[in-house]
Amino acid sequence: MAILRHLKRAACLGSLDRLEYFYQNSREQLASTCSKLLNELSIERVSTLSRSSAVIECLRRSSVSEIMISESRPGLEGLETAKLLSAEGFKVTLVVDALLPWLSRKLSFWGIVGADMVTKTHLINKIGTFPLALAVKTIAVPGLLKLCECEYEIRERPPEEVAELRGVNVVNIYFDETPLSHLYKLVFEGFYLDPSEIEKAFERLRVLLGNTPLA
């Protein structure tokens, strides 16, 4: 995980206290920055998938009133997110995974997603993120600690989580890769930027992990 890599680096550089303080305040800053962006864009209807605490906190503070969520198989994290947001008063529509991109485009919903990891070229997130970003304008809410200048591998998961069929090769993968160029904005703690400006976020992270004051 990217966060563990950052913790190790901060420990080596003597900035662990700074990183821990940042982490404790990260959720608040992300939610505030993200909701500000949604409100500035007058976004009221969004589509999302899986279960991202950053996205949920953002939606709670925003002007969004209607949310479309895919089931997010095989773990069905989207189903749990739908239950949660519906109980909080949002108008929620739950759809099967393959329906989310097309219906989002047809109904003019925006996309909003979290992130498992962000490289300088791609967002790695729950499977289904890539087609959603192809279909509609999509905002990602990763936060600085999801940035990673590292090698990564998207692994197959146990096929029996999906199905056990004799003579059939069952592929189960949790994450996909979305080129950053396919995203509308990337949201971090206290700022957001265009995908083409991703180096600014990496520089901000380097400052956070180093020994110079944050600007």
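In this predicted model, three strands make up an open sheet, in the order β5-β6-β8 and with antiparallel pairing. The edge positions go to β5 (117-118) and β8 (175-179); each has a single partner strand, so one side of each is left without a neighbour in the sheet. Between β6 (residues 122-126) and β8, which run antiparallel, there are five bridges. If you want a spot to look at, take lysine 126: its bridge partner in β8 is phenylalanine 175.

Now for the helices. Here are the ones that come up below, with their residue ranges:

| Helix | Residues |
|---|---|
| α2 | residues 16-40 |
| α3 | residues 53-61 |
| α4 | residues 77-87 |

How do α3 and α4 pack, in terms of angle and axis distance? The angle is about 20 degrees and the axes lie 12 Å apart. That angle makes α3 roughly parallel to α4, since the cut-off for this label is under 35 degrees. The crossing of the two is right-handed. On the α3 side the contact is made by Ile56, Leu59 and Arg60, and on the α4 side by Thr81, Leu84 and Leu85. Sorted by class, that gives four nonpolar residues, one polar and one charged.

Helix α3 also has a part in the disulfide story. A search of the whole structure turns up two disulfides, and one of them joins cysteine 34 and cysteine 58, with their sulfur atoms 2.2 Å apart. The torsion about that S-S bond is about -70 degrees, so the disulfide is left-handed. The pair ties together distant parts of the chain: cysteine 34 sits in helix α2 and cysteine 58 in helix α3, 24 residues apart.

Key. Residues numbered from 1 in each chain as written. Predicted model: local features only at pLDDT ≥ 70, side-chain atom pairs only at ≥ 80, totals over all residues. Heavy atoms only, no water. Axes fitted to C-alpha atoms, helices over the stretch in contact; angles between N-to-C directions. Helix = DSSP H or I, 4+ residues; strand = E, 2+ residues; numbered from the N terminus. Parallel < 35°, antiparallel > 145°, perpendicular 65-115°, else oblique. Left-handed = near helix turned anticlockwise from the far one by under 90°. Contact = heavy atoms within 4.5 Å. Nonpolar A, V, L, I, M, F, W, Y, C, P; charged D, E, K, R; others polar. Pairing = 2+ DSSP bridges. Disulfide = S-S within 2.5 Å.
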